[in-house]
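Me: I am new to this structure and would like a close look at a single part of it, the open sheet. Please go through how its strands are arranged and then what lies around them.

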Amino acid sequence: LNTRENAVAALPRIAGAVSLAADDIEALAGQVTLERYGAGETVQHVGEVPNGMRYILDGTATLSVAARTGEEIAFAVLDRDDVLGLTALTRQGVAARATATSDLSVL
């Protein structure tokens with residue numbers, strides 16, 4: 001559930017990755033979103049400019065690209081503590097599709 005309480009509980013998991021001090025967690029809780037995806041759901045589409053970075057709390061996702069033949073080629077599996085949407089920082093579209101391969105929770 002995307003609640004302030006759940007955000008406060010999840011933020012310490014990513015604190016080290018984004019250099020959050022304990023005081024920052026309360027202030028940031030209203031600025032983050034908890035999202036859930038089911039297996040097979042697309043988390044990130046090719047060419048899309050992400051609206052933010054997504055830190056994986058639980059579950060897995062596969063990154064894939066389309067070959068010239070149209071076939072999807074998976075090249076990476078992301079899991080707990082990995083990040084999606086880094087191009088949000090540069091406002092560029094992503095080159096790979098991210099698909100949840102299990103129930104996926106991201107912050």
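Reply: In this predicted model, four strands form an open sheet in the order β2-β7-β4-β5, and their pairing is antiparallel. The edges of the sheet are taken by β2, which covers residues 42–44, and by β5, each of which pairs on one side only. Averaged over the sheet, and with direction ignored, neighbouring strands are turned by 35° against each other. As a general point, strands of a sheet pair through backbone hydrogen bonds, and they can do so in a parallel or an antiparallel way.

Going through the pairs in turn, β2 and β7 run antiparallel and are joined by two bridges, and one residue pair that can be looked up here is Q44, whose bridge partner in β7 is A98. Strand β7, made of residues 97–100, also runs antiparallel to β4, and four bridges join these two strands. For this pair, A61 can be followed to A100, its bridge partner in β7.

Strand β4 spans residues 61–66 and contains V65, a residue that also has a place on the surface. Together with I73 and F75, V65 makes a nonpolar surface patch of about 250 Å². V65 itself has a relative accessible area of 30%, so it counts as partly exposed.

Beyond the sheet, it helps to see which charged side chains link other parts of the chain. A search of the whole structure finds four salt bridges, and three of them can be described here one by one.

One of them joins D81 to R13, with the closest N and O atoms 3.6 Å apart. This contact leads back towards the sheet in sequence, because D81 lies in the loop between β5 (72–78) and β6 (83–84) while R13 belongs to helix α1, so that the pair ties together parts that are 68 residues apart in sequence. Both residues are partly exposed, D81 with a relative accessibility of 48% and R13 with a relative accessible area of 31%.

Helix α1 takes part in another salt bridge through R4, which pairs with E26 at 3.0 Å between the closest N and O atoms. Since R4 lies in helix α1 (residues 4–14) and E26 in helix α2 (residues 22–28), this pair ties together parts that are 22 residues apart in sequence. Here, too, the side chains are partly exposed, with a relative accessibility of 44% for E26 and a relative accessible area of 42% for R4.

A further salt bridge is formed by R54 and E35, whose closest N and O atoms are 2.7 Å apart. It links distant parts of the chain, since R54 is in strand β3 (residues 54–58) and E35 is in strand β1 (residues 35–37), 19 residues away. Is R54 buried or exposed? With a relative accessible area of 13%, R54 is buried, because a residue counts as buried when this value is under 20%.

Methods. Residues numbered from 1 in each chain as written. Predicted model: local features only at pLDDT ≥ 70, side-chain atom pairs only at ≥ 80, totals over all residues. Heavy atoms only, no water. Patch = residues over 30% accessible without salt bridge, like charges linked within 9 Å, V, L, I, M, F, W, Y side chains within 5 Å. Areas by Shrake-Rupley, 256 points an atom, 1.4 Å probe, with all protein chains shown as cover. Buried < 20%, exposed > 50% of the residue type's maximum accessible area, 1.4 Å probe, protein only. Pairing = 2+ DSSP bridges. Axes fitted to C-alpha atoms, helices over the stretch in contact; angles between N-to-C directions.
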